[in-house]
Amino acid sequence: VTLNPSSATLGGSFTIAAGQTFTFGNSSDPTTLTLKSGASLTSNGPWNAGPGTIMAPQATSSITPLTTNAGTLTINAPGSSLAFVDSRDSQGALCPLSFTNSGLINVNAGELILAASGHPSLDGSIHVASGATLAIAAKISLDGSITGDGNLLISSALTDTHGDSTPYPTGPITFNGAFSLAGTTTISNVAVAFNANTTLNNLSATGTSFTGPATLTVGGTSTWNDVALTNASVLITGSVSASYLNAKILALDGTTLSTAAGATLTLSHANSVTFKNSAAFTNNGTLSLSSNSTAFAFTSGSAQKPGGSFTNNGTINATDSLAFSSSITFTNNGIINISHGSLQVPVSTDTANAAINIGSAASLILGSRSFNAGTLNNAGSILTSLGGATATLDSALTFINSGTLTIHAGTLLLAASQ
């Protein structure tokens, strides 16, 4: 069965049997198929798709039209797209299309666009080959497995190969099945929830929020812009450069954020990491902080639901002032390097592996606390606080001082080995 005119309309039910091959789309003139209210298109056998669009009518439907793949849908044409899309009527109201998949979809080339929101979940399996793209722009749950070496694009507005740009409803997009794509992932202005452990490589995310409860593993080289993490579990195994030019804050709300050994997380244009609802941040790699000449703080994000913990097992590099609030639990098993500004660590648990290095243009401001383990290397200045507190450099601390010690007020007990 072949259907490849430039445009067609289906008003009833059209079913392709399991033993028949369905060919849809035209490489020279992409096919647009409009399904009227109550219409249905079902393929139970092999479905070979070229460039084309299957869409809802541009009028309110009493019965949402339905497209079903119950066999094997294959897209083989490089540079082309197959799109399942909602429509809008003359008043701008959404006219949904339902697309269901109980079979297998092979995106061997080109792009599969899922922008049909009439059915809330998508079963079956989707395989995306290297160089091909799975694009999602509808509020749906992905319940089947998604695998391959291809790319993922999630956006509230997509432009298909015909040049038509249509605003679609935003998410959330929910991943319930096994997911692992080795290509590039791009997410723009859509909330994404992970209910199954998911790996995203080379992740470019803008204006996005990630939620759990499953673990999102981020590999490769990634760029984040104003990404929020709420009740999420995120493990960074690659390199993430995160900018917070608008939000200014990396807010961790009930979230577990970790960097693996060898991984890097760079935060720029931010001024704080906030913790709420027992959020936990563990750095096992390298955390670089650049707040553009303003102080950077690790602090509580809520007076009503304070608390959280930050553990440094790796290296922190700060180019501007850095402060750790007493409202969070801070454990330092690694290295803190500060090159400019001041460092304030009012309360922390330091281990024998801990090291704090104060650069020549930086300073350490001592509060009422003891440094009782590890190494403190001062090439800049150490100042006691102005509040008259007592600070102790304990005998178990290795203290290397090539800078200055200034006692403004209070007491400094110096018993550390030098």
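**Contacts, shape and cores of a strand-only chain**

Among the contacts in the chain with a separation of 6 or more, 41% join residues that sit 24 or more positions apart. The model behind these numbers is a predicted one. When it comes to secondary structure, the tally is 57 strands and 0 helices.

The overall shape comes next. The C-alpha trace spans about 85 × 40 × 30 Å along its principal axes. The radius of gyration of the chain is 28 Å, whereas a compact globule of 418 residues would come in near 22 Å. On the outside, the accessible surface adds up to about 15700 Å², and carbon and sulfur atoms own 49% of that. As for charge, there are 14 negative and 7 positive side chains, with the centres of the two sets 12 Å apart.

Now for the inside. Buried residues account for 51% of the chain's 418 residues. The largest nonpolar core has 99 residues, and the members touching the most others are F84, W224, F298 and L322. Strand β50 (residues 355-366) supplies the largest share of this core, with 5 residues. A separate core of 7 residues lies apart from it, and its members include M55, A83, V85 and A135.

Two residues give a closer view. Leaving out residues up to four places away in sequence, F298 touches a long list of partners, among them V273, F275, L289, F310, L322 and I328. S43 belongs to strand β6 (residues 40-43). With a relative accessible area of 0%, S43 falls under the 20% limit and therefore counts as buried. Its partners, again leaving out residues up to four places away in sequence, are I16, F22, T68, N69, A70 and G71.

How values were computed:
Residues numbered from 1 in each chain as written. Predicted model: local features only at pLDDT ≥ 70, side-chain atom pairs only at ≥ 80, totals over all residues. Heavy atoms only, no water. Core = buried A, V, L, I, M, F, W, Y, C linked by side-chain atoms within 4.5 Å. Buried < 20%, exposed > 50% of the residue type's maximum accessible area, 1.4 Å probe, protein only. Helix = DSSP H or I, 4+ residues; strand = E, 2+ residues; numbered from the N terminus. Contact = heavy atoms within 4.5 Å. Rg over C-alpha atoms; globule rule 2.2 N^0.38 Å. Areas by Shrake-Rupley, 256 points an atom, 1.4 Å probe, with all protein chains shown as cover. Lys, Arg positive; Asp, Glu negative; His and termini not counted. Charge placed at Lys NZ, Arg CZ, Asp CG, Glu CD.
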